[in-house]
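Please look through the sequence and the model below before reading on. The paragraphs after it are meant to be read with the structure open beside them.

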Amino acid sequence: TTDIYYDDDADVSTLDDETVAVLGYGSQGHAHAQNLDDSGVDVVVGLRESSSSRSAAEADGLTVETPADAVAQASYVSVLVPDTVQSDVYENAIKPNLEAGDTLQFAHGLNIHYSQIEPPADVDVTMVAPKSPGHLVRRNYENDEGTPGLLAVYQDTTGDADDRALAYAKAIGCTRAGVIETTFQEEVESDLFGEQAVLCGGVTALVKHGYEALVDAGYSPEIAYFECLNELKLIVDLMYEGGNMEMWNSVSDTAEYGGLTRGDRIVDDSVRENMDEVLAEIQDGEFTREWILENQAGRPSYNQLRAAEQDHEIEEVGERLRDLFAWAEEDETEDEAESAT
Ligand code: NDP
Ligand code: MG
Ligand code: MG
């Protein structure tokens with residue numbers, strides 16, 4: 001069975017003699033840095049001279065250095081810049097300033113697992129990955145609540161990698177909720193699969209196909225939007241609270257019978273075969289190779305696909321309807337809309 005760690009399993013004083021460099025002050029960076037600071041851990045934020053996040057970090061009362069200087073001062077390096085720039089930041093700012101016995105930590109295992117970063121053998125390499133956008137990691141901490149997280153140890157040279165990562169997880173509030181032990185491989189492959197097959201890719205494709213099927217059959221775009229996109233939140237909220245059964249128990253018997261008899265016809269065995277293919281491309285590194293090349297080429301496909309998604313009729317219909325019906329609490333949705341995957 002899976003090990004889950006709570007506050008009692010961790011001791012923040014393990015980090016008493018350490019300085020933690022938090023590289024990046026974006027979604028995760030601002031939350032980790034402030035939570036660590038509030039937990040009494042020595043923090044230095046690493047940002048480029050030109051960084052637009054500098055003033056925010058300074059306004060939050062934190063010390064800001066360049067990434068290279070921050071790493072040089074620190075014994076514990078938390079890499080919270082975007083995944084696509086991490087290997088650059090590693091080569092230029094981290095690697096020249098790492099010392100034996102330091103900890104190199106990530107919040108996602110992509111660059112380590114696919115060998116875009118190859119750390120020296122004499123540092124600990126760990127992962128503490130909150131399963132939530134950074135703004136909630138911060139807000140939960142301030143409300144004395146926790147954020148569930150994952151912890152993994154890729155390389156343990158000091159013998160203390162686990163204890164130190166657990167102390168960090170506690171200091172940012174994750175052990176209040178529970179921290180699951182995993183591996184870099186499992187975290188990366190399951191994360192990529194989840195966002196591609198179900199959470200981001202699968203669900204938007206399902207919504208668009210459903211919307212198009214109704215509109216092509218002559219139903220009004222507004223009705224199609226409500227049925228295929230807007231109501232999804234209500235269904236997902238029930239699943240989040242109590243699993244699929246909470247949802248089935250809450251909808252009408254007609255919806256339940258229709259869903260149970262038709263669901264597997266919509267998402268059928270061919271979809272499952274597609275999922276297996278997508279998973280295999282993740283496992284053999286094909287997806288990551290493609291994404292690295294895409295970035296090196298200046299993101300031509302990414303930009304084209306984004307533009308096409310923006311041009312889909314459902315966006316325009318949704319914008320109009322969301323203005324007409326004020327069902328969304330603006331402040332909440334903005335934070336939660338940030339990717340947690
Ligand atoms: P963000 O995109 O929010 O990070 C932006 C920060 O990185 C800014 O402070 C930016 O500063 C800095 N930055 C960008 N490029 C560079 C660079 N070349 N050199 C130095 N600093 C740079 O990242 P996230 O917080 O979304 O992601 C960080 C890590 O956390 C990733 O590994 C991600 O997978 C993981 N993660 C993210 C989650 C999320 O919800 N967002 C959830 C769980 C894990 P500047 O002003 O200089 O550009
Ligand atoms: Mg209905
Ligand atoms: Mg992800």
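What follows is a walk through this structure, from its domains to its sheet, its ligand and its annotated sites.

This is a predicted model, and its protein chain is divided into domain 1, covering 4-182, and domain 2, covering 191-336. The C-alpha centres of domain 1 and domain 2 lie 32 Å apart. Where the two meet, seven residues of domain 1 are in contact with six residues of domain 2, and the side of domain 1 that touches domain 2 is made up, by class, of four nonpolar and three polar residues, with no charged ones.

A UniProt record, an unreviewed entry, lists residues 2-182 under the name "domain: KARI N-terminal Rossmann". Over residues 2-182 the chain is 34% helix and 22% strand, and the C-alpha atoms at the two ends of this stretch are 8 Å apart.

The sheet comes next. It is an open sheet of nine strands with mixed pairing, and reading across it gives the order β1-β9-β8-β7-β6-β5-β2-β3-β4. Its edge strands are β1 (4-5) and β4 (63-65), each of which pairs on one side only.

Strand β8 is a good place to follow the pairing in detail. On one side, β8 and β7 pair in the antiparallel sense over six bridges, and among the matched residues Ala129 has Leu150 of β8 as its bridge partner. On the other side, β8 (residues 149-155) runs parallel to β9 (residues 179-181), and three bridges join the two strands. Leu150 itself stands opposite Ile180 in β9, while Leu151 has Glu181 of β9 as its bridge partner. Leu150 can therefore be traced in both directions, to Ala129 and to Ile180.Packed against these strands is helix α9 (residues 184-199), which lies across β7 and β8 and runs at about 130° to β8.

Which residues come nearest to ligand 1? Of the 29 residues around ligand 1, those that come nearest are Gly24, Gly26, Gln28, Ser51 and His108. By class, the shell around ligand 1 has 14 nonpolar, eleven polar and four charged residues. Helix α1 (27-38), helix α4 (86-94) and strand β7 (124-130) each supply at least two residues of this shell, and α1 gives the most, with three residues. Strand β7 thus appears in two parts of the picture, as a contributor to the shell around ligand 1 and as the antiparallel neighbour of β8 in the sheet.

The last stop is a set of annotated positions. The UniProt annotation "binding site", again from an unreviewed entry, covers Asp191, Glu227 and Glu231. Why should these positions not be pictured as all gathering at one spot? They span 41 residues in sequence, and the farthest two C-alpha atoms among them are 28.3 Å apart, so they do not all gather at one spot. Asp191 lies in helix α9, the helix that lies across β7 and β8.

Terms used. Residues are numbered from 1 along each chain as its sequence is written. Chains are lettered from A and ligands numbered from 1 in the order in which they are written. This is a predicted model: local features need pLDDT of at least 70, side-chain atom pairs count only at pLDDT 80 or more; totals for chains, interfaces and linings use all residues. UniProt positions are given in the numbering used here, feature names are shortened, and annotations may be inferred rather than shown by experiment. Helices (H or I, at least four residues) and strands (E, at least two) are DSSP runs, numbered from the N terminus. A residue is near a molecule or strand if its C-beta atom, placed from the backbone, lies within 6 Å of it. Ala, Val, Leu, Ile, Met, Phe, Trp, Tyr, Cys and Pro count as nonpolar, Asp, Glu, Lys and Arg as charged, and the others, Gly among them, as polar. Two strands pair if DSSP finds at least two bridges between them. Axes are lines fitted to C-alpha atoms, for helices over the stretch in contact, and angles run from 0 to 180 degrees between N-to-C directions. Domain bounds come from an automatic or database domain assignment.
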